[in-house]
Amino acid sequence: MTAPIDTEALVIGAGPVGLFQVFQLGLQGIHCHVVDALPHVGGQCAELYAGKPIYDIPGIPFCTGRELVERLQQQIAPFKPTLHLGQQVDSIERLPDQRLKVSTGSGCTFHTNTLFIAAGVGAFVPRRMLLDGLSAFEGSQVFAEHPAPERWASQHLVVAGEGDAALQTCLSAIEGPQAAASVTLLHRRDQFSAAPDLIAQMRQACAEGRMRFVAGQPTGLRTANGHLQALELLNPQGDTEWLSLDVLQTCLGLSPKLGPVAQWGLAMERKQLVVNTENFGTSETGIFAVGDINTYPGKKKLILCGFHEATLAAFGAVALLRPAEKTLLQYTTTSTLLHQRLGIA
Ligand SMILES: Cc1cc2nc3c(=O)[nH]c(=O)nc-3n(C[C@H](O)[C@H](O)[C@H](O)COP(=O)(O)OP(=O)(O)OC[C@H]3O[C@@H](n4cnc5c(N)ncnc54)[C@H](O)[C@@H]3O)c2cc1C
């Protein structure tokens, strides 16, 4: 547990709307911290359709999810937000001085005057392999979080999955100073959704005996002295077999979990935070909700709509943070103040 970070504004979620929130807060002269459960920014754009095209961002006739995220990062760079990635916000409570205490599962705490929930469809968390007793080995022999070679150096590694991440993990574990003693790819059938070149590399490595592929559905475990020794598999022929291992890395994709957002005591409708359309404030003063996480009459889950919401939420925040100041509308084209804030004066 580290000392709390004091800030005027905290954004939960570094999806496209959370990133644009940083920009709009920056224009208002408000520095912010940003927390995201993923180890990278971009939310759905980066996680679900990085390479696919988007055609409805104003002024950008065409870009991919990845390109949009890159452009947003460029746009917010002058405001130097502090990013806290790979951390899920678990709890929010009101402090006696009316600020908000926001805590992450990794022990990071913020004391913030305003909070912007841009949590989209929830925190993206790795899907776990559902097998009785397996969770007891999580963190020691079983890992669902992002693969790291130090976990399997010189160990017998089983990688469960069939997408890019699973195949990439196998290929990187068969070579280098932290290579595994053996690498086995496990999937219920001999079909993969990974990129064709990764599939070709995996098949080549199997043909050369540098790794192997086993088809089967995990059905049980064998343990001894508190150690996971093997997975029981039902193979495609309907037979049971055992797969020995030291380390199991699962790469079963990510799924969004609304989880903690629903427990923060904010007014909700159909799993979304109810907001007003004047400044996208929630039922709690100082807490705004923007992007896919919010709901109001006519809500559309579009990036463009989230950008509008973030703009008005930033005006709402400045009215709360600097009540004595007039919140004047200024144009980025002509305002010297905004040019200074953008670092282009
Ligand atoms: C396949 C597909 C195609 C799409 N195409 C288009 C399109 O062409 N045009 C368009 O306008 N929209 C499109 N959309 C919708 C668009 O992606 C969403 O509207 C947009 O991503 C919403 O942005 P957001 O920032 O609100 O949320 P998200 O992008 O979902 O980001 C939310 C972030 O919050 C994080 N988070 C959530 N809870 C927590 C927590 N407790 N702690 C820490 N972090 C947390 C998540 O990890 C995530 O990174 C598409 C969606 C999909 C799935």
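User: How many helices and strands does the protein chain have?

Analyst: The protein chain has seven helices and 22 strands. This is a predicted model. Along the principal axes, the C-alpha atoms of the chain fill a box of roughly 70 × 45 × 40 Å.

User: What share of the residues is buried, and what share of the contacts with a separation of 6 or more joins residues 24 or more positions apart?

Analyst: Of the 345 residues in the protein chain, 48% are buried. Among contacts with a separation of 6 or more, residues 24 or more positions apart account for 62%.

User: How should the packing of two helices be read? At what angle do helix 1 and helix 3 pack?

Analyst: The reading starts from the angle and the distance between the two axes. Helix 1 (residues 16-27) packs against helix 3 (residues 65-76) at about 20°, and their axes are 9 Å apart. An angle under 35 degrees counts as roughly parallel, and helix 1 and helix 3 are therefore described as roughly parallel to each other. Their crossing is left-handed.

User: Which residues make the contact between helix 1 and helix 3?

Analyst: Helix 1 contributes P16, L19, F20, V22 and F23, while helix 3 contributes V69, L72, Q75 and I76. By class, the contact of helix 1 with helix 3 has eight nonpolar residues, one polar residue and no charged residues.

User: At what angle do helix 4 and helix 5 cross?

Analyst: The axes of helix 4 (residues 164-173) and helix 5 (residues 196-207) cross at roughly 40° and come within 10 Å. That angle makes helix 4 oblique to helix 5. Helix 4 passes helix 5 in a left-handed crossing. From helix 4, D164, L167, Q168 and L171 take part, and they meet L198, I199, Q201, M202 and A205 of helix 5. The contact of helix 4 with helix 5 divides into six nonpolar, two polar and one charged residues.

User: Where is R203 placed, and is it buried or partly exposed?

Analyst: R203 is in helix 5. Its relative accessibility is 39%, so R203 counts as partly exposed. Leaving out residues up to four places away in sequence, R203 touches D190 and F192. As a reference for distance across the model, R203 and Q73 are 130 residues apart in sequence, and their C-alpha atoms are 37 Å apart in space.

User: How is a disulfide recognised, and how many does a search of the whole structure find?

Analyst: A disulfide is a covalent bond that joins the sulfur atoms of two cysteines. The search therefore asks for a pair of cysteine sulfur atoms within 2.5 Å. Over the whole structure, it finds zero disulfides. Two cysteines illustrate the result. For C45, the closest cysteine sulfur is that of C63, at 8.1 Å, which is too far for a bond. C45 counts as buried because its relative accessibility is 0%. C170 is in no disulfide either, as the nearest cysteine sulfur, in C251, is 7.6 Å away. C170 is likewise buried, with a relative accessible area of 0%.

User: Why does a positive phi deserve attention, and where is Q98 found?

Analyst: A positive phi is noted because most residues other than glycine have a negative phi. Q98 has a positive phi, near 80°, and is a residue other than glycine. Q98 is found in the loop between strand 6 (89-94) and strand 7 (100-104).

User: What is the phi of S154, and is S154 buried or exposed?

Analyst: S154 has a positive phi of about 60°, although it is not a glycine. The loop that holds S154 runs between strand 10 (142-143) and strand 11 (156-161). With a relative accessible area of 57%, S154 is exposed.

User: How should burial be read alongside contacts? Which residues does Q28 touch?

Analyst: Accessibility is best read together with the list of contacting residues. Q28 lies in the loop between helix 1 and strand 2 (32-36), and its relative accessible area of 12% makes it buried. Not counting residues up to four places away in sequence, Q28 touches A314, F315, V318, R322 and R341.

User: Where does E309 lie, and which residues is it in contact with?

Analyst: E309 lies in helix 6 (residues 303-321). E309 is buried, with a relative accessible area of 0%. Apart from its neighbours within four places in sequence, E309 is in contact with F280, V290, G291, N294, Y296 and K299.

Key: Residues numbered from 1 in each chain as written. Predicted model: local features only at pLDDT ≥ 70, side-chain atom pairs only at ≥ 80, totals over all residues. Heavy atoms only, no water. Axes fitted to C-alpha atoms, helices over the stretch in contact; angles between N-to-C directions. Helix = DSSP H or I, 4+ residues; strand = E, 2+ residues; numbered from the N terminus. Parallel < 35°, antiparallel > 145°, perpendicular 65-115°, else oblique. Left-handed = near helix turned anticlockwise from the far one by under 90°. Contact = heavy atoms within 4.5 Å. Nonpolar A, V, L, I, M, F, W, Y, C, P; charged D, E, K, R; others polar. Buried < 20%, exposed > 50% of the residue type's maximum accessible area, 1.4 Å probe, protein only.
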